[in-house]
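Let's walk through this structure together, starting with the whole and then moving to individual residues. Keep the view open as you read.

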Amino acid sequence: MTLDPETLLQAYSQGAFPMTDRDGHTRWYTADPRGILPLEQFHIPKTLCQVVRQGKFEIRVNYDFPATMRACMNVRREGSWISEDLVHVYAQLHELGFAHSVEAWRNGKLAGGLYGVSLGAAFFGESMFHYQRDASKVTLVHLVGRLRERGFELLDTQATTQHLRRFGCVDIPAAEYLARLHRALKRRCEFD
């Protein structure tokens, strides 16, 4: 499998995403059903609204993309689908303006964050992590606000987890996902 920015962007535009398996090989995957977080139906639990209002975290965008991605790789006890090869190619995508991180900082330290890829009016959420309670949730709230402000129309989560369902994440058939994706790719939105 070729791991370079151009191949990654082409794969995303067709609904595929890379994951490094336990054997160390990176492969392409799709999902049916596909998880998405409808931006217009994003739900913020009351307790999280309070945390956001308290301003416990300083939110930074694209401040330390490699550290955010590596933290997503390292916090998973059961192992990660993120490899150093993926960190390298996503860092290249970041330099090209396609991969982004939203980070929560507290007392000068990275407390949580997420990263993903923007293409057209679509954002492909890849992974989240937290070292401090609620830090990744606060970055998700910030991400959704940013995507709404800039006119994005698709937030792809690949899979629907119990955690993401609390925010309004739903499964849709792959065919519907691809139709939404192709519509979103026809528009140009700026993440930065």
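**A tour of the fold and its contacts**

Glu-84 has a relative accessibility of 40%, so this residue counts as partly exposed. Please bear in mind that you are looking at a predicted model. The side chain of Glu-84 meets that of Arg-70 in a salt bridge, with 2.9 Å from N to O. Because Glu-84 sits in helix α4 (residues 84–95) and Arg-70 in helix α3 (residues 65–74), the pair ties together parts that are 14 residues apart in sequence. Arg-70 is partly exposed as well, with a relative accessible area of 33%.

With that pair in view, let's step back to the whole chain. The protein has 7 helices and 9 strands. Its C-alpha atoms fill a box of roughly 45 × 35 × 30 Å along the principal axes. How does the radius of gyration fit with a compact globule, and what value does the protein have? For 192 residues, a compact globule would have a radius of gyration near 16 Å, and the protein's value of 16 Å agrees with that. Of these 192 residues, 50% count as buried. The accessible surface comes to about 9,700 Å², and carbon and sulfur atoms account for 48% of that area. As for the contacts between residues at least 6 apart in sequence, 70% of them join residues at least 24 apart.

Now for the charges. The protein carries 24 positive and 22 negative side chains, and the centres of the two sets are 9 Å apart. How many salt bridges does the protein have? The count comes to 12, and the pair of Glu-84 and Arg-70 is one example of such a bridge. Another joins Asp-21 and Arg-27, whose side chains meet at 2.6 Å from N to O. Asp-21 has 22% relative accessibility and so counts as partly exposed, and Arg-27 is also partly exposed, at 31%. This pair belongs to a network of salt bridges that links Asp-21, Asp-23 and Arg-27.

A further salt bridge brings us to a part of the chain worth exploring at leisure. Here the side chains of Arg-60 and Glu-58 meet, at 3.0 Å from N to O. Are these two residues buried or partly exposed? Arg-60 has a relative accessible area of 17%, under the 20% cut-off, and is therefore buried. Glu-58, with 44%, is partly exposed.

Both of these residues also lead to Trp-105, which you will find in strand β5 (residues 99–106). Trp-105 is buried, with a relative accessible area of 10%. Which residues does Trp-105 touch, leaving aside those up to four places away in sequence? They are Lys-56, Phe-57, Glu-58, Arg-60, Tyr-63, Asp-64, Leu-110 and Ala-111. Although Trp-105 and Glu-58 are 47 residues apart along the chain, their C-alpha atoms are separated by 5.0 Å.

From Arg-60, move along to Val-61, in strand β4 (residues 58–61). Val-61 counts as partly exposed, at 25% relative accessibility. Not counting residues up to four places away in sequence, Val-61 touches Ser-101, His-142, Arg-146, Phe-191 and Asp-192. Val-61 and Phe-129 are 68 residues apart in sequence, and their C-alpha atoms lie 15 Å apart in space.

Let's finish with some backbone details in the loops. Asn-62 lies in the loop between β4 and α3. This residue has a positive phi of about 60° although it is not a glycine. At 17% relative accessibility, Asn-62 counts as buried. A second positive phi, near 75°, belongs to Asp-134, which is not a glycine either. You can find Asp-134 in the loop between β7 (122–130) and α5 (135–149), and with a relative accessible area of 14% it is buried.

The last stop is a peptide bond. Which residues does a cis peptide bond join? They are Asp-32 and Pro-33, and omega is about 10°. Pro-33 is found in the loop between β2 (26–29) and β3 (34–36).

Terms used
Residues numbered from 1 in each chain as written. Predicted model: local features only at pLDDT ≥ 70, side-chain atom pairs only at ≥ 80, totals over all residues. Heavy atoms only, no water. Helix = DSSP H or I, 4+ residues; strand = E, 2+ residues; numbered from the N terminus. Rg over C-alpha atoms; globule rule 2.2 N^0.38 Å. Buried < 20%, exposed > 50% of the residue type's maximum accessible area, 1.4 Å probe, protein only. Contact = heavy atoms within 4.5 Å. Areas by Shrake-Rupley, 256 points an atom, 1.4 Å probe, with all protein chains shown as cover. Lys, Arg positive; Asp, Glu negative; His and termini not counted. Charge placed at Lys NZ, Arg CZ, Asp CG, Glu CD. Salt bridge = Lys/Arg side-chain N within 4 Å of Asp/Glu carboxyl O.
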